[in-house]
Amino acid sequence: MRISVYSAVLLIATASCTARQAVEADYDVVPLPDKVELTGGDAFRLSPKTCLVAADSTQTVNARLFAGYVETLTGFRPEIKADAPAHDYIRLTAGNVSEDPEGYLLTVTADSIVVDGADAAGTFYGLQTLRKAIRGGKGEDVLYPAAVIKDSPRFAYRGGHLDCVRHFFPTDSVKIYIDMLALHNINRFHWHLTDDQGWRIEIKGRPRLTDTGAHRRGTLIAETWGTDHEEYDTIPYGGVYTRDHLCDIVAYAADRHITIIPELDLPGHMVAALASYPELGCTGGPYEVWRRWGVTDDILCAGNDSVYMFIDEIMDQIVEIFPSEYVHIGGDEAPLAKWETCPKCQARIQSLGLKTDSNSTAEQKLQNHIMRHAADRLASHGRKVIGWDELIDNGFDTTAVIMSWRGPQDGGQDGTKTGYKVIKVPNTHLYFDYQYAEGDSVGAPYWRKIPLETVYSYEPVPAHYTPYQAANVIGVQGNVWTEFIPTFRDVQYMALPRMAALSELQWTDAPKDFEAFKKRLEGLIRIYKAERYNYKPL
Ligand code: TNX
C-alpha cells in the first residue's frame, strides 16, 4: 500500500549559537517510489557533520556522485568514509531484498540512513530519491522524516535518446545529457551517431568517414523546410567523437549506471558514409553529406560485397568501444527504389533466391538480408540487436528487439503478439523533438504537438493486451531528434520536463494523476534550476 507524504516545509532553528536552519525533506518525488512508510520518531538530519559510508569502490563512486548532488543543493559536501561512526551517517550497501537488481530499500532513522540496493544500481536510485527529496537551499540542513521506502522499477529498459548527427553536441554536453538521464532513473542512453547529415564516430582504417562524412557545407534554413524553395546557409557544420571521447563517455555513463546503446542506422540514413566512400552506393555517386532533413533514396547498395565488409568493419569496432549487450542497427526509412533498378542488387536477389510474396517484396527481403548480416556479425561478438519497427515489415525474426516508433501501435502490428520483445517509443507521445504547443519558439513548427500531459498519459501496456503481449513490452523510451534543435540549451528545453513524465511511465505503474504529478514535478524543477538545466516552465 502506498502511503503518501504531504510534508510542509518546516524551518527549525537549532539551539546552538551557530544555528543552522533545517528544512524537512519530501519523499513525494519523480518518479514516484513504490512504498513510502513513515515510521514516526525523530528525523535524520543531513548536515555538514554527516558522512557517507561506502564499503567498496563501486559504492564509493555512488557516494561521490551523491556528495556532489548534496553540495549543489545545500552548499556542503559530505565526507566519504569506509567505516561507520556511531551516528550521523548514510550507509551505502548492496545485496538486499528486492528480486529486481535495480530495487532498493531505504531505512531512515534518527541516527542513520541505510541505502540498501539490490545491487549498486539500486543503491544509486535510492540515493536519487534522497537527492530529490531535499527541499530548502544553500546553507540549510535537511531533515529526512523517519521512514522505510521500498522501491523498484516497472521496466528494465528505461531509455533516453539523443540525435548528435543533425546537430552535434560536444562531449561536455553529452555528459550533461547523461546526468539528466540519471536524475530521471533512466538506465539506457540510445545514442544516434550516424545519419545522412553526418558521420560522428572515428573508425580506424576508414578516415574519410570523419574527414569527409562528418562535415556538411551548410544546413537547411528551418523556415524553408518542405517548401518548393528550400534554402541553405553556407556555414560549414560538423563534429566528431574520437575513440577517446567515446570511451570517456561510456565510462561516465557507467558510473551513473547507464548503458549506452549506439545506433548505426542501416541501410538507409547513410548518405554521410556514401559521400565518404561512394562505392558503397548503388550508383557510385557522387554523393554529398546532406544539408536538409527527411528521407532519401540514396542508401547502401545491398548487392555490393564491399558494403558487407564495411558493415563488418564498423561492427567489429563498435563492440570494442561500447560494452552494451545490444547495438541498434536502425532499419528505418529506407526506400528501396534504387535497389529495384540496381543490377548488383537484382543479381543479389537472384543469387539468394529471394522472391516477392504476400508478406514482402524481394527488395524488402534483401533489406532483411543485410540487416541479418549486421546482426550475425554482432552475434559473433556475443551481441544482440535492436532495430526500428520496419524490421518486422521486412521479416526479421524475433531475436531482434523492436523499437516501436510509428504511432502507439497497440493494434497488433507492434510485434508484441508475434513474440518480439518491444521497446515503446511512439512518435505520438514520446518524441521530444516535437513542440509542446503551438507557438513554441524551439523545435519544428511543422509537426504534431506533444504537451507534457500527453507524455504523462501514455500507457505502454494498453488494457487490451494479453498477458503474453504485456510481458513482451520490455521498456519505454523518449527520443530527441535534433533537425530543428540547434543548441544544447534547446535540447534541454525540449527534454525537460517531458523526461520527468517519461520517467514515471518507465518506473511506476501507480494510477495516473496528472495534477499530483505536476505538484511532485515542482520539487524536481528545483533541481533543474540548481543544475542550471534549461526547461520549459510549467
Ligand atoms: C523519424 S524515428 C526518424 C528520424 C527523424 C525523426 C524526426 C525514426 C526511426 N526515424 O530519422 O529524425 O522522425 O522526428
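**Note on a predicted model with a bound ligand**

1. Start with helix α14. Its buried residues pack against β12 (157-163), α3 (171-183) and α15. This is a predicted model. Helix α14 spans residues 488-495 and is mostly covered, with seven of its eight residues buried. Those buried residues are Phe-488, Asp-490, Val-491, Gln-492, Tyr-493, Met-494 and Ala-495.

2. Move on to α15, one of the elements that α14 packs against. Helix α15 covers residues 498-507. There, 10 of the 10 residues are buried, so the helix is largely enclosed by the rest of the structure. The buried set includes charged names as well as nonpolar ones: Arg-498 and Glu-504 are among them. Met-499, Leu-502, Leu-505 and Trp-507 are buried in α15 too.

3. Now the nonpolar core. The largest one holds 162 residues. Which members touch the most others? They are Ile-90, Tyr-144, Tyr-177, Phe-189, Trp-191, Trp-199 and Tyr-528. Helix α7 (residues 305-321) gives this core its largest share, nine residues. As a general point, nonpolar side chains in soluble globular proteins tend to be buried together.

4. The ligand comes next. What surrounds it? The shell consists of Arg-166, His-269, Asp-332, Glu-333, Trp-388, Trp-405, Tyr-431, Asp-433, Tyr-434, Trp-447, Trp-481 and Glu-483. By class, this shell divides into six nonpolar residues, one polar and five charged.

5. Look at the polar contacts to the ligand. Glu-483 places a polar side-chain atom 2.6 Å from a ligand oxygen atom. For Arg-166, a polar side-chain atom lies 2.8 Å from an oxygen atom of the ligand. Glu-333 faces a nitrogen atom instead: a polar side-chain atom of Glu-333 is 3.3 Å from that ligand nitrogen. Taken alone, the ligand exposes 370 Å², and the protein buries 94% of that.

6. Check Thr-194. This residue sits in strand β14 (residues 194-195). Is Thr-194 buried or exposed? Its relative accessibility is 1%, so Thr-194 counts as buried; the cut-off is under 20%. The Thr-194 side chain reaches the backbone nitrogen of Asp-265 at 3.3 Å. Setting aside residues up to four places away in sequence, Thr-194 touches Val-165, Trp-199, Glu-263, Leu-264, Asp-265, His-269 and Met-270. His-269 also belongs to the residues around the ligand. Trp-199 also appears among the core members that touch the most others.

7. Check Ala-272 as well. Its place is in helix α6 (residues 271-276). Ala-272 has a relative accessible area of 0%, and is therefore buried. Its contacts, not counting residues up to four places away in sequence, are Asp-195, Asp-196, Gly-198, Trp-199, Gly-213 and Val-289. Trp-199 is thus touched by Ala-272 and by Thr-194. Ala-214 is 58 residues from Ala-272 in sequence, yet the two C-alpha atoms are 7.1 Å apart in space.

8. Finish with Glu-531, in the segment after α16 (514-530). How is Glu-531 classed for exposure? Glu-531 is partly exposed, with a relative accessible area of 25%. Leaving aside neighbours within four places in sequence, Glu-531 is in contact with Thr-72 and Arg-131. Val-61 lies 470 residues away along the chain, and its C-alpha atom is separated from that of Glu-531 by 20 Å.

Conventions: Residues numbered from 1 in each chain as written. Predicted model: local features only at pLDDT ≥ 70, side-chain atom pairs only at ≥ 80, totals over all residues. Heavy atoms only, no water. Buried < 20%, exposed > 50% of the residue type's maximum accessible area, 1.4 Å probe, protein only. Helix = DSSP H or I, 4+ residues; strand = E, 2+ residues; numbered from the N terminus. Near = heavy atom within 4 Å. Polar contact = N/O pair within 3.5 Å; in protein donor to acceptor, adjacent residues only side chain to side chain. Areas by Shrake-Rupley, 256 points an atom, 1.4 Å probe, with all protein chains shown as cover. Core = buried A, V, L, I, M, F, W, Y, C linked by side-chain atoms within 4.5 Å. Contact = heavy atoms within 4.5 Å.
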